[in-house]
Every structure is written in structure tokens, then in C-alpha cells.
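Thank you for asking me to look over this entry with a newcomer in mind. My remarks are set out as numbered points, and they are best read with the structure open alongside.

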Amino acid sequence: MRSSHPRSAAVAALVATALATGLLAGSADAAEGAVSADPIRIHDIQGTTRVSPLNGKAVADVEGIVTGVRAYGSRGFWLQDPDADDDPATSEGIFVFTNSVPAVAVGDAVKVSGTVGEYVPGGLGSGNQSITQIAKPTVTVVSSGNALPAAVAVNEYSVPAAYAPAGDPAAANSINALPLEPSSYALDYYESLEGMNVKIGTSRVVGATDPYNELWVTVKGWENPTKRGGTLYGSYGAQNTGRLQIQQLAPVAQQPFPVANVGDKLTGTTEGPLDYNQFGGYTLAARTLGTAVAGTLAPEKTKPQAANELAVATYNVENLDPTDPQSKFDNLAKAVVENLASPDVLALEEIQDDNGAKNDGTVSAEQTLTKFTAAIAAAGGPAYQWRSVSPENNKDGGEPGGNIRQVFLFNPARVSFTERAPGDAVTATGVTTENGKAALTHSPGRIDPANPAWADSRKPLAGEFVFQGKTVFVIANHFGSKGGDEGLTSVHQPPVRSSEAKRLLQAQAVNGFVKQLLAADKKAAVLAVGDINDFEFSGTAQALEDGGALYSAIKSLPKAERYSYVYQGNAQVLDQILTSPAVKNFAYDSVHINAEFSAQNSDHDPQVLRFRP
């Protein structure tokens with residue numbers, strides 16, 4: 001199982017230095033407390049903010065009961081004082097980082113001496129909150145077999161509705177120095193339980209089991225539910241306070257982790273220490289794990305297009321290359337035929353070159369596409385043809401050596417591709433007119449590839465199609481990723497979303513190109529499709545829609561159906577199809593076949609739009 005907190009001496013030193021030099025709590029009181037004749041209790045160490053008043057100080061003979069032991073990854077154990085104080089803001093639990101397999105067992109009463117520290121999972125630059133811990137410990141076992149402190153019930157009544165306090169503007173919107181208000185804010189509530197023994201009852205799964213043996217539940221079943229059992233992230237202010245990540249302390253070789261999909265139930269009691277990690281924030285590290293009970297969720301199938309309807313789809317196939325197992329090609333192909341009803345035009349994202357991540361200068365994807373289209377035909381689908389523009393080697397981001405790009409597949413029995421002086425990686429397609437109608441100067445062609453907005457990112461692919469005598473322009477996109485953005489549980493509130501700046505520039509470039517098409521022909525049918533890597537309510541989407549040039553068609557769906565991806569238990573939009581004003585009376589479908597399931601062919605759900613040009 002993946003380490004919950006990858007550690008290094010360098011990071012630990014940075015954390016100790018940064019936090020000890022005045023980011024937060026006062027040092028004078030801490031120094032006085034360290035030499036006090038009174039025994040130091042865990043709640044004294046935890047304090048009433050996110051950072052210990054004893055950070056960087058040595059403590060001796062801290063007493064408590066062992067409530068959980070982690071013998072892998074970030075090795076150590078959780079210690080809890082059974083004699084709580086009267087302050088709800090102070091946690092009675094703490095993690096003891098041993099760096100080796102702990103020589104203690106659950107139920108041991110121990111005394112711990114060591115150094116109090118604040119460890120930031122992912123490093124200082126991640127924006128994550130810190131974990132208060134005792135490191136370099138000396139541990140004395142006083143007795144064994146003791147009853148554990150009663151678990152605190154985390155449920156819909158205990159978790160506040162508001163997510164987080166606003167950060168201090170004078171401290172870059174940090175919430176570190178703010179007194180915890182556990183009855184007012186969900187993040188403060190969880191922080192007040194850091195390291196403590198907690199439990200949940202039967203809860204709905206809102207994030208499927210992933211390859212790292214973890215899943216997400218909600219303790220608030222009524223909170224922004226999707227139609228199929230998830231929890232919808234419908235705005236920046238709808239973080240969904242009931243979400244909680246679940247891991248287990250037992251090694252999976254000893255106790256297999258349950259395989260669950262969205263909408264399943266984790267029944268009974270799940271109990272263990274409340275941890276915090278860089279891959280989702282607050283996490284219940286289960287000592288006792290509930291039972292997964294399967295629901296009835298099944299992959300969706302879209303409605304086939306009518307004879308006079310053009311079906312255009314987009315699908316991120318997650319780094320597809322010829323070295324992938326044939327089963328991946330076959331499963332993706334089956335989905336194109338059975339779940340997407342063989343769309344007339346299919347824009348693919350993340351098609352890799354002919355040898356995948358082998359970094360040898362190869363940029364052609366002919367073998368990848370030959371293998372994929374053959375698999376589609378074998379699954380009963382059409383004999384798709386393809387058009388694309390190969391990128392420059394290692395200039396479009398993604399996996400090094402993989403050279404991901406967008407590709408158009410089209411069914412020649414239903415639609416034709418208008419080829420006009422096909423462009424190359426560095427040649428920009430433009431807009432011209434032909435017989436009074438808009439046309440591309442290069443089809444296929446790339447939009448403004450020299451624009452700095454596309455540095456180390458996928459350039460949009462534009463193509464011109466004809467369906468039953470009508471021209472339709474399709475722009476296949478794969479905008480910059482959200483890499484580098486802070487998580488919702490960030491120490492900064494609101495979190496820093498640094499990646500938005502690049503996507504905003506990219507959206508402006510695509511919007512500008514669509515406006516050129518509409519200036520040439522205001523009735524031009526234009527579809528901008530793909531992995532936009534941003535929400536339908538985001539500034540990116542607003543920039544794409546600027547001036548009424550495009551409309552994010554997923555907004556035509558009921559809110560509970562607007563998602564294409566599930567991240568940390570939040571169902572959200574990343575993949576979109578946007579339409580120009582001439583595209584009217586369309587039917588839109590976000591076809592849920594991957595994101596909600598533990599077994600995935602891709603981590604994205606494809607999107608389909610049907611209309612009559």
C-alpha cells in the first residue's frame with residue numbers, strides 16, 4: 001500500500017525550521033511549558049490551533065493508550081489520553097512517528113518521550129496542513145490489554161455545515177494561527193479530532209476503491225447527492241463536508257481491502273484513528289473496517305443517434321499506447337460501440353505515440369490508432385478513419401516520451417472529413433471563407449501552436465466535417481492539468497488554484513478562434529470538445545463561453561447529472577462539449593462508465609452530443 005506520508009530528512013528539517021521560526025504559536029509560553037513541573041498531556045501538545053504550542057520542544061513521559069499501529073509507510077502508532085479535558089478544540093490523540101515497525105500493540109498503556117513536531121505531508125510547498133506528532137520517541141510500555149478510549153462518532157449531526165474559516169489575509173490566507181472552532185467549521189472539527197479514535201456508522205460510498213486501497217464515503221447522505229449515489233461538487237463553495245477517506249491499518253496481504261463502487265454501502269462500524277495525508281486530507285485509518293455491500297450501479301449506455309442526427313463524442317483514453325494490454329484496447333473499444341453507440345465523430349485525448357513512454361523521439365501514433373480502430377471494428381463498430389497532427393517530441397506535456405495528442409475518429413459511412421492542406425505541429429490553422437461560408441486553412445490543423453498558453457501542453461486540434469451536406473467544425477482540446485493546485489483541505493482558505501492561470505489563457509485562445517469562425521459565418525456549427533480539466537462553473541468555462549461564442553452543454557443536464565470524473569469523493573466536471581449558437585435542439589449525455597467504478601478503462605467518463613445540423 002502507498003505510504004501515507006512519504007518522509008525525508010530534508011522535508012522534516014524544512015518543516016521544523018519554518019514552523020519553529022514564527023509561522024504560528026508563541027514560543028515563550030512553549031518554552032515555559034516545556035520545563036513545567038506538571039506532566040505534559042496530549043491536549044497540551046495539541047493546543048487550540050493547528051500547530052502545537054510545544055512545536056520543536058522535547059517532552060517526557062506523555063501518557064496514553066495505543067489506539068492504532070501502522071507498520072508500513074509512515075510507521076508509528078497513535079496514542080490517546082483517556083482522560084480528556086473540557087475543551088472541544090484540543091485533540092486527545094497524537095501520532096508517534098517511530099520510523100520503524102512499532103514495538104507496541106493496540107491497548108498498550110505507554111509513556112512516550114520525544115520531540116514535538118509538525119510534519120507537512122507532501123512538503124511545505126503542497127499547501128497541506130501539518131500533522132502534530134512526537135518524533136524520535138523513547139517508548140515505555142506500562143501495561144497491556146487496556147480498554148480503548150471510546151470512539152468519537154463522526155456523523156451528519158457532528159460535522160458542521162460550513163467547510164472552513166476564511167484564512168488570515170495577513171498570512172497568505174493561512175488558517176494555521178486561527179483558534180479552532182469545531183462546532184462551526186468541518187475542517188476545524190476534523191482537526192480537533194486529529195489522532196483520536198473515531199468511528200462512523202453505515203455510510204454510502206462516494207469514491208470507489210482505488211489502486212492504493214482506499215475509498216471515500218459520506219456521513220451526510222443527503223449532501224448534494226448525484227443521481228447515481230455520489231456527492232456532487234457543483235461550486236467552489238460546495239466542498240461537501242461529509243466526505244471522509246477510508247484506509248485500513250491491516251496490511252492488504254493479511255486483510256484484503258473491500259472493493260466498492262459509488263453508491264455501495266460501507267455497513268456496520270468503521271473505527272480507528274483520524275489521520276491526515278497528502279492524498280485527500282483527513283482520513284479514517286481503520287482498525288476495524290465495515291463491510292462493503294454492493295449496490296446496483298451499472299455502466300450507462302447512451303441512446304443511439306437517429307439517421308438525421310450527428311453524434312459527436314469526446315473520450316480521454318488515459319495514455320493509450322501499443323504496449324498496453326490488448327484487454328485495455330478491447331474494453332475501450334467495447335465501450336465505444338456498446339456504451340457510446342458508435343458516435344459519428346469521436347475526439348480522443350491521451351493517445352500516445354507508437355511506443356508509449358519509451359523516450360526515443362518517436363512521435364507517430366499510427367500503430368496506436370491502427371490497433372484501437374481494429375479493436376473497435378472487432379467489437380462490432382464501424383471502420384473508423386482518423387485524422388490528427390503529431391506533436392513535436394516532448395513538447396506537449398503528459399508522460400515523458402509518450403507524446404499524447406488529440407485524435408479525430410470518424411465513421412466514413414456517416415460523415416466525411418474535409419481535408420485542407422493538413423497542418424503540422426508548428427503550423428497554425430486559420431479561418432477563411434469559401435462560397436460565403438467559413439472554412440479552415442488547414443484541416444486538420446492546430447490552433448495557435450506558438451501561443452505561450454500551449455507551452456508543455458496539448459495544442460487544440462481543429463477539423464472540418466460534412467454531415468448530410470452540412471459543415472460542422474470540431475475542436476478537440478486537452479487543457480492543462482490541475483497539477484500544483486492545493487487540495488480542498490489546504491492550510492490556505494480558499495485554497496490556491498495556481499493552474500487556473502494557464503487554462504484561462506488556453507480558453508481565451510480557443511474562444512478567440514471560435515469567434516473568428518463566427519465572424520466568417522455567424523451560423524457556423526462549431527463544437528469545442530475534450531478534457532477541459534476544469535469545472536463548468538470555472539473561470540475557464542466562462543472564458544470559453546465569452547461573448548456567447550460557446551455554451552457548455554453539460555449545463556443542459558439536471559445538476560445531479562453534471563459530472564465526468566470523481567476526485568476524492570467529489571463528482572465533478574472535467575470533460576465538456578461546448579456548442580456555438582447554431583447548434584440547437586441537441587441531446588447531451590455524460591455517459592457514466594468509469595469514474596464511479598473501481599474497475600476502470602479510463603478515469604474519465606466520455607461525453608456525447610447529438611444534434612441535427
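The points below take up a sheet, several salt bridges, a charged patch and one contact between distant residues.

1. Before anything else, please keep in mind that this is a predicted model, and that the values quoted in this note are computed from that model.

2. A good place to begin is the open sheet, which is built from 9 strands in the order 6-7-12-13-10-9-8-11-14 and whose pairing is mixed. Strand 6 (152–153) and strand 14 (291–293) stand at its edges, and because each has a single partner strand, one side of each is left without a neighbour in the sheet.

3. Within this sheet, strand 9, which covers residues 215–218, pairs with strand 10, which covers residues 243–248, and the two run in the antiparallel sense over 4 bridges. For a reader who wishes to find this pairing by eye, Val217 is a useful starting residue, since its bridge partner in strand 10 is Leu244.

4. How many salt bridges does the model hold? The count comes to 22, and the next points treat some of them individually. One of them joins Glu561 to Lys227, with the closest N and O atoms 3.5 Å apart. Glu561 sits in the loop between strand 26 (551–552) and strand 27 (565–567), while Lys227 sits in the loop between strand 9 and strand 10, so the pair ties together parts that are 334 residues apart in sequence. Glu561 counts as partly exposed, at 22% relative accessibility, whereas Lys227 counts as exposed, at 63%.

5. Arg287 and Glu271 form another salt bridge, in which the closest N and O atoms are 2.7 Å apart. Arg287 belongs to the loop between strand 13 (281–286) and strand 14, and Glu271 belongs to strand 12 (residues 270–277), so the parts tied together here are 16 residues apart in sequence. With 24% relative accessibility Arg287 counts as partly exposed, but Glu271, at 17%, counts as buried, because the cut-off for buried is under 20% relative accessible area.

6. The side chains of Lys482 and Asp534 also meet in a salt bridge, at 3.0 Å from N to O. Lys482 lies in the loop between strand 24 (470–478) and helix 7 (500–520), and Asp534 lies in the loop between strand 25 (525–531) and helix 8 (539–545), so this pair ties together parts that are 52 residues apart in sequence. Is Asp534 buried or exposed? Asp534 counts as buried, at 0% relative accessibility, while Lys482 is partly exposed, with a relative accessible area of 22%. Elsewhere, Arg41, Asp81 and Asp83 are joined into one network by salt bridges that share partners.

7. On the surface, a patch of positive charge is formed where Lys437, Lys470, Lys522, Lys523 and Lys584 gather. Among these residues, Lys437 is placed in strand 21 (residues 437–440), and at 49% relative accessibility it counts as partly exposed.

8. Finally, I would draw attention to Val317, which is found in strand 15 (residues 310–320) and which, at 0% relative accessibility, counts as buried. Which residue is separated from Val317 by 5.6 Å between C-alpha atoms, although the two are 285 residues apart along the chain? The residue in question is Ser602.

Definitions and conventions
Residues are numbered from 1 along each chain as its sequence is written. This is a predicted model: local features need pLDDT of at least 70, side-chain atom pairs count only at pLDDT 80 or more; totals for chains, interfaces and linings use all residues. Side-chain values use heavy atoms; hydrogens and water are left out. Patches are made of residues with over 30% relative accessible area and no salt bridge: like charges are joined within 9 Å, nonpolar side chains (Val, Leu, Ile, Met, Phe, Trp, Tyr) within 5 Å. Accessible areas come from the Shrake-Rupley method with a 1.4 Å probe; for residues, only the protein chains shown count as cover. A salt bridge is a side-chain nitrogen of Lys or Arg within 4 Å of a carboxyl oxygen of Asp or Glu. Lys and Arg count as positive and Asp and Glu as negative; His and the chain ends are not counted. The place of a charge is taken as NZ of Lys, CZ of Arg, CG of Asp or CD of Glu. Buried means under 20% relative accessible area, exposed over 50%, partly exposed in between (1.4 Å probe, protein chains only). Two strands pair if DSSP finds at least two bridges between them.
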